[in-house]
Amino acid sequence: QPRSRGLGDVYKRQTYKGKQVFLGEFGPAVSKDPFLNFKFKGGAKGEEVTITWVDNKNDNRTDKAKIS
């Protein structure tokens, strides 16, 4: 799992059926509540994607969202 370097960076990772489909590193200029949109092959409407992120204090959070 990526770890923040404490420079205001935030890491986001999305997985689908256990496979990583997106990994991003965002700097301190990103909005407090950013909107993120991405596409990948294989997902069907209504299935779940797992979203995990690490903030600049190395706090982790994981949520799930439905594909729309």
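# Exercises on a four-strand chain

A search of the whole structure, a predicted model, finds 3 aromatic pairs.

## Exercise 1: The aromatic pairs

Task: describe the pair of F22 and F38, and classify its geometry.

Solution.
- Start with the descriptors. A pair of aromatic rings is described by the distance of the centres and the angle of the planes.
- For F22 and F38, the centres are 5.0 Å apart and the planes meet at 25 degrees.
- Planes under 30 degrees apart count as stacked, so the F22 and F38 pair is stacked.
- Next, place the two rings. F22 belongs to strand β2 (residues 19-26), while F38 sits in the loop between β2 and β3. The two are 16 residues apart, and their pair links distant parts of the chain.
- Now check accessibility. F22 has 21% relative accessibility and counts as partly exposed. F38 is partly exposed too, at 23%.

Task: extend the analysis to F38 and F40.

Solution.
- The centre-to-centre distance is 6.0 Å, with 25 degrees between the planes. This pair is also stacked.
- F40 has a relative accessible area of 25%. That value lies between the 20% and 50% cut-offs, so F40 is partly exposed.
- Which residues make up the ring cluster? Ring pairs join Y16, F22, F38 and F40.

## Exercise 2: Strand order and pairing

Task: give the secondary structure of the chain, then examine how β3 and β4 pair.

Solution.
- Count the elements. The chain has 0 helices and 4 strands. From the N terminus on, the order is β-β-β-β.
- Take β3 (residues 48-54) with β4. The two strands run antiparallel, joined by 7 bridges.
- Pick one residue from the pairing. T50 has K64 in β4 as its bridge partner.
- Inspect the turn. The hairpin of β3 and β4 has 5 residues between the strands. There, N58 takes a positive phi near 65 degrees.

## Exercise 3: T15 and K66

Task: decide whether T15 and K66 are buried or exposed, and list their contacts beyond four places in sequence.

Solution.
- Locate T15 in strand β1 (residues 10-16).
- Its relative accessibility is 19%. The cut-off for buried is under 20%, so T15 is buried.
- Outside its neighbours within four places, T15 touches Q20, V21, V49 and T50. T50 is also the residue whose bridge partner in β4 is K64.
- Turn to K66, in strand β4 (residues 60-66).
- K66 has a relative accessible area of 59%. Exposed means over 50%, so K66 is exposed.
- With neighbours within four places set aside, K66 is in contact with G46, E47 and E48.
- Check one of these by backbone distance. The C-alpha atoms of K66 and G46 are separated by 5.2 Å, although the residues are 20 apart along the chain.

## Exercise 4: Totals for the chain

Task: summarise burial, contact range and exposed surface.

Solution.
- Burial: of the 68 residues in the chain, 22% are buried.
- Contact range: consider contacts between residues at least 6 apart in sequence. Of these, 39% join residues at least 24 apart.
- Surface: the chain exposes about 5,300 Å². Carbon and sulfur atoms supply 49% of that area.

Conventions: Residues are numbered from 1 along each chain as its sequence is written. This is a predicted model: local features need pLDDT of at least 70, side-chain atom pairs count only at pLDDT 80 or more; totals for chains, interfaces and linings use all residues. Side-chain values use heavy atoms; hydrogens and water are left out. Buried means under 20% relative accessible area, exposed over 50%, partly exposed in between (1.4 Å probe, protein chains only). Contact means heavy atoms within 4.5 Å. Two strands pair if DSSP finds at least two bridges between them. Accessible areas come from the Shrake-Rupley method with a 1.4 Å probe; for residues, only the protein chains shown count as cover. Rings of Phe, Tyr and Trp (its six-membered ring) pair if their centres lie within 6.5 Å; planes under 30 degrees apart count as stacked, over 60 as edge-to-face and the rest as tilted.
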